[in-house]
Amino acid sequence: MKVFINKRIPETGIKILEEEGLEIIFPQHENLSHEEWLKYCQNADAILSIGNDFKYNKGFFEACPSIKAIALYSVGFDHVDIKEASQRNIPIGNTPDVLSKATSDVAFLLMQAVARRASYNFQKVKEGNWGAFDPLHALGQELYGKTLGIFGLGRIGFEMAEKSQKAFDMKIIYHNRHPNGEAEKELGATYVSFEELIKNSDVLSVHANFTPEHQELFNHEVFEQMKTNAIFINTARGGFHHQKDLYHALVKKQIWGAGLDVTNPEPMMKDDPILELSSVCVLPHIGSATIEARNGMAKLAAENITAFSKGQRMPHCANPEIYSPTL
Ligand code: DGY
């Protein structure tokens, strides 16, 4: 079975594929045009797919009929038309759990960075503008006992809530499609409506899976209803927030600050005015960027491919209802 891998991944994943005797195809370079990418896929049975530059939609599946399985090197699968893949019996593997700690660490980091204006203060130091002690300048806010609202309390949201509760004794409220019994029992988390979530959160952290109905859900109407001391954190997908509305909400001081590991659009333009604000910290989508998480992702993605190659169900699959390994 031929497996196309569009970028280098940690060796642990490669080893698993090699031990299984699978033929690995790496591209000649890593910045493939759409046409080049299609050519590689047309010559493969399966893809271990890194990044979300290329969309797996009807057009792709029609252009690449040889593809029978896709193992994503991500937990998110918003760049895949799952319905279309399922109709074609193509399993879509993903990499949950192994990056939950790393990604929630970044949400936790951003929450504190924004609360204490870390980016702004770091920038001042870099500019040689340390400044004299000033009792009133660049004051942060403390998080102790505040309310953390989680939009999408799954595995990553749980880790963020647990850390915040342990560190700052934060009260946890959340909004989900389905109540999360474990979080309610272990963290005393309270399920609330979306309206209650946005009105009552001192920190609102987005952790849901992104779907088209979430497109720019966090827009001016939402920011207007949030608390003026609220910190908006997005480590999920940039599409969740309307970036210009977020900028205006920050400028008008409708909310206190924002911590973003994902932006809209992505990558963010360096002249985006949001970067000028002292109440913001932006990172370039590094949620899963630890040695441990990336090794775990390589292992899971490779195991998804090898399971498929043996005619087995992928251990981590975004469309587990389908199973038809036609090799
Ligand atoms: C994920 O795994 O979904 C991360 O956001 C990387 O894309």
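Which side chains meet in a salt bridge at 3.9 Å, N to O? Select Glu159 and Lys163: their side chains form that pair. A salt bridge here is a side-chain nitrogen of Lys or Arg within 4 Å of a carboxyl oxygen of Asp or Glu.

Before you go on, keep in mind that this is a predicted model, in which local features need pLDDT of at least 70 and side-chain atom pairs count only at pLDDT 80 or more, while totals for chains, interfaces and linings use all residues. Residues are numbered from 1 along each chain as its sequence is written, and side-chain values use heavy atoms, with hydrogens and water left out.

**Stop 1: helix H7**

Show residues 155–168, helix H7, where Glu159 and Lys163 sit four residues apart, about one helical turn. Helices (H or I, at least four residues) and strands (E, at least two) are DSSP runs, numbered from the N terminus. Glu159 is buried at a relative accessible area of 16%, and Lys163 is buried at 19%. Buried means under 20% relative accessible area, exposed over 50%, and partly exposed in between (1.4 Å probe, protein chains only).

Now add Lys166 and Glu162, a salt bridge whose closest N and O atoms are 3.8 Å apart. This pair is also in H7, four residues apart, about one turn of the helix. Lys166 is exposed, with a relative accessible area of 68%, whereas Glu162 is partly exposed at 23%. To see a network, select Lys101, Asp105, Glu159 and Lys163, which are joined by salt bridges that share partners.

**Stop 2: helix H5**

Move to residues 100–115, helix H5, whose 16 residues should span 22 Å at 1.5 Å a residue; the end C-alpha atoms are 22 Å apart, in agreement. The expected span is 1.5 Å times one less than the number of residues. H5 is largely enclosed by the rest of the structure, because 12 of its 16 residues are buried. Among them are Val106, Phe108, Leu110 and Met111. Just after H5, look at Arg117, with a positive phi of about 50°.

**Stop 3: a surface patch**

Select Phe122, Val125 and Trp130 and turn on the surface: together they make a nonpolar patch with about 390 Å² of accessible area. Phe122 belongs to helix H6 (residues 118–126) and is exposed at 51% relative accessible area. Patches are made of residues with over 30% relative accessible area and no salt bridge, with like charges joined within 9 Å and nonpolar side chains (Val, Leu, Ile, Met, Phe, Trp, Tyr) within 5 Å. Accessible areas come from the Shrake-Rupley method with a 1.4 Å probe, and for residues only the protein chains shown count as cover.

**Stop 4: helix H11**

Next, colour Gln243, Asp245, Leu246, Ala249 and Leu250, the buried residues of helix H11 (residues 243–251). They lie on the same side of H11, because they cover an arc of only 160° around the axis, taken from the directions from the helix axis to the C-beta atoms. Their cover includes helix H10 (220–225) and strands E10 (231–234), E11 (257–260) and E12 (280–282), with contact meaning heavy atoms within 4.5 Å. Just after H11, Lys253 has a positive phi of about 60°.

**Stop 5: helix H12 and beyond**

Finish with residues 291–309, helix H12: 19 residues reaching 27 Å from first C-alpha to last, close to the 27 Å expected. In the segment after H12, Lys310 pairs with Glu20, which lies 290 residues away in the loop between helix H1 (11–19) and strand E2 (23–25). The closest N and O atoms of this salt bridge are 4.0 Å apart. Lys310 is partly exposed at 47% relative accessibility, and Glu20 is partly exposed at 34%. Gly311 also follows H12, with a positive phi near 80°.
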